[in-house]
Amino acid sequence: MSVLTAYARRLAASAMLLALAACTTTDIASVEEPAAAPLTGQTNDPAPGFENVKAGSEEDFILSVGRRIYFTQDSARLDSVAMTTLDNQAAWLNRNPAWLIKLQGFADDSGSESKMKTLSQQRADAVMAYLVSKGVDGKRMWAKGYGADREVRDCTQRSCKVQNRRVVANLRTERDAT
């Protein structure tokens, strides 16, 4: 390859790099994505992308309150963290009485299938009883234990198994079969 050809290639590559550096995507981005809400530095600032979540919506419940309660192994006892989450759920549900709640109980694989199914039902029932004690109408809720059938994570580490020992509150507009 001649010196002149090598020089021409370098010159063309430099020109392309300069052209790419001059390009900007801010005009395109401003059309495709809404501007983020200004942040005040407060802990209750909306998460980017969730500034327009409607109060009383399912998204509001998930983001503002949380829908999962976790349990220790072989237990359906509510600890202080679970009760705090449930207090928030109860307050939200009492402000939004149109929603029905399906409480789904789950377990890890630390026992027999029948034991885990029973335990997961006990967990869902414990959550329902607590919500009723906080003023949520029991007719709006139903509880179903699934045992270890629907693991979030298939794992052997103790720290991972806790994700499977849970009750999930799912909002519904009408009652489903189970």
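**Exercise 1.** Determine how many bridges join β1 to β4 in this predicted model, and in which sense the two strands run.

*Solution.* Step 1: β1 and β4 are joined by 3 bridges. Step 2: the two strands run antiparallel. Step 3: at residue level, I69 has V167 in β4 as its bridge partner.

**Exercise 2.** Describe the pairing of β2 with β4.

*Solution.* Step 1: β2 covers residues 100–105 and β4 covers residues 166–172. Step 2: their pairing is antiparallel and extends over 6 bridges. Step 3: L103 stands opposite A169 in β4, and G105 has V167 in β4 as its bridge partner. Step 4: V167 is thus named as a partner of both I69 and G105.

**Exercise 3.** State the strand order of the sheet and identify its edge strands.

*Solution.* Step 1: the sheet is open, has 4 strands and follows the order β1-β4-β2-β3, with mixed pairing. Step 2: β1 (68–70) and β3 (141–145) are the edge strands, since each pairs on one side only. Step 3: from one strand to the next, the twist averages 20°.

**Exercise 4.** Specify which strands helices α4 and α5 meet, and at what angles they run.

*Solution.* Step 1: α4 (residues 80–95) packs on the sheet and touches β1, β2 and β4. Its direction makes about 155° with that of β1. Step 2: α5 (residues 113–133) lies across β1, β2, β3 and β4, and runs at about 160° to β3.

**Exercise 5.** Explain why β4 is described as largely enclosed.

*Solution.* Step 1: a residue is buried if its relative accessible area is under 20%. Step 2: in β4, 6 of the 7 residues are buried, so the rest of the structure largely encloses this strand.

How values were computed
Residues are numbered from 1 along each chain as its sequence is written. This is a predicted model: local features need pLDDT of at least 70, side-chain atom pairs count only at pLDDT 80 or more; totals for chains, interfaces and linings use all residues. Side-chain values use heavy atoms; hydrogens and water are left out. Two strands pair if DSSP finds at least two bridges between them. Axes are lines fitted to C-alpha atoms, for helices over the stretch in contact, and angles run from 0 to 180 degrees between N-to-C directions. Contact means heavy atoms within 4.5 Å. Buried means under 20% relative accessible area, exposed over 50%, partly exposed in between (1.4 Å probe, protein chains only).
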